[in-house]
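Student: I would like a close look at one part of this structure, the part where charged side chains pair up. Please take me through it slowly and define the terms.

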Amino acid sequence: MNDVLAVPLRAVGGFFELTAAAARATVRPPFQRREFVDQAWFITRVSIFPTLFVAIPFTVLVIFTLNILLREIGAADLAGAAAAFGAVTQIGPMVTVLVVAGAGATAICADLGARTIREEIDAMRVLGIDPVQRLVVPRVLASMFVAALLNGLVCTVGILGGFLFSVFLQDVNPGAFVNGITLLTKLPELIIAEIKAALFGLVAGLVACYLGLNVKGGPKSVGDAVNQTVVFAFMALFVINVVATAVSIKFAAR
């Protein structure tokens, strides 16, 4: 029984050890600006199109369902409020979870895993270069930055798509839709959504870096680590979404 628990507990301990090392390296100069920019562009490049392809049908489906309900109760003029509230508080963060874990984190894990099996990480340690400061910190910060940007993109696409779909296909009054956008969704809700997205990027980046740096074996182990990244990132990000949503509701209630 102890042997069964030893492996996952060791992995959890290693993950938190990496998290603490990354936190220390973040405030220790020098900061790898060029690596941060390169990784932010890399993550954006692999995530932007999946974000759009997931966001458009997802937002249309949710808003279509909400509009049917609102029309049934005679509140079609609140379509804008429902679209903005759904896009900012739930659709944006949820799509960000899917894309960050499914595209961004896997790309980071594959990159670091390939470096690990080529023994580049060991070579960096031999040369006295801290791989956490040189490789992990820029990727984690870039993941946070891109996740926040993706969340803003999904919210914009959701509201714009909701407007076009509601006005042109469900005969919602355009003026009423626009006036209702800020009825339930204001700056605090947007800030909370951005914080949630940044947390998603932080955790997904840490999971990807940990699994990529701890690859054992050859190319097959890199593929296994990428698959594990998707599973573990999904699990962690959905838990974070539930906790952050509960905390935000308590905060908003005050």
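Tutor: Start with Asp111, which forms a salt bridge with Arg115; their closest N and O atoms are 3.4 Å apart. A salt bridge here is a side-chain nitrogen of Lys or Arg within 4 Å of a carboxyl oxygen of Asp or Glu. Before going on, note that this is a predicted model: local features need pLDDT of at least 70, side-chain atom pairs count only at pLDDT 80 or more, and totals for chains, interfaces and linings use all residues. Residues are numbered from 1 along each chain as its sequence is written, and side-chain values use heavy atoms, with hydrogens and water left out.

Asp111 and Arg115 both belong to helix H3 (residues 79-117), where they sit four residues apart, about one turn of the helix. Helices (H or I, at least four residues) and strands (E, at least two) are DSSP runs, numbered from the N terminus. An α-helix has 3.6 residues a turn, so residues three or four places apart point the same way. Asp111 counts as partly exposed because its relative accessibility is 23%. On this scale buried means under 20% relative accessible area, exposed means over 50%, and partly exposed lies in between (1.4 Å probe, protein chains only).

Arg115 also forms a salt bridge with Glu120, with 3.7 Å between the closest N and O atoms. Glu120 has a relative accessible area of 27%, so Glu120 is partly exposed.

Next comes the pair Glu35 and Arg139, a salt bridge whose closest N and O atoms are 2.9 Å apart. This pair links distant parts of the chain: Glu35 is in helix H2 (residues 33-72) and Arg139 is in helix H5, 104 residues apart. Both Glu35 and Arg139 are buried. The pairs described so far join up, since Glu35, Asp111, Arg115, Arg118, Glu120, Arg134 and Arg139 are linked in a network of salt bridges. The structure holds nine salt bridges.

Gln39 also lies in helix H2. Gln39 counts as buried because its relative accessibility is 8%. Leaving aside residues up to four places away in sequence, Gln39 touches Asp111, Pro138, Arg139 and Ala142; contact means heavy atoms within 4.5 Å.

That leads to helix H5 (residues 131-169), which has 39 residues and reaches 53 Å from its first C-alpha to its last, close to the 57 Å expected at 1.5 Å a residue. The expected span is 1.5 Å times one less than the number of residues. H5 has a kink of about 25° at Val137, shortly before the proline Pro138; the bend at a residue is the angle between axes fitted to the seven residues ending there and the seven starting there. At the N-terminal end, Asp130 caps H5, with a side-chain oxygen 3.1 Å from the backbone nitrogen of Val132. After H5 comes Asp171, whose phi is positive, near 60°.

For the wider setting, the protein has eight helices and zero strands. Of its 254 residues, 43% count as buried. The C-alpha atoms fill a box of roughly 70 × 45 × 35 Å, taken along the principal axes.

Note on methods: A polar contact is a pair of N or O atoms within 3.5 Å; within protein, one must be able to donate a hydrogen and the other to accept it, and residues adjacent in sequence count only if both atoms are side-chain atoms.
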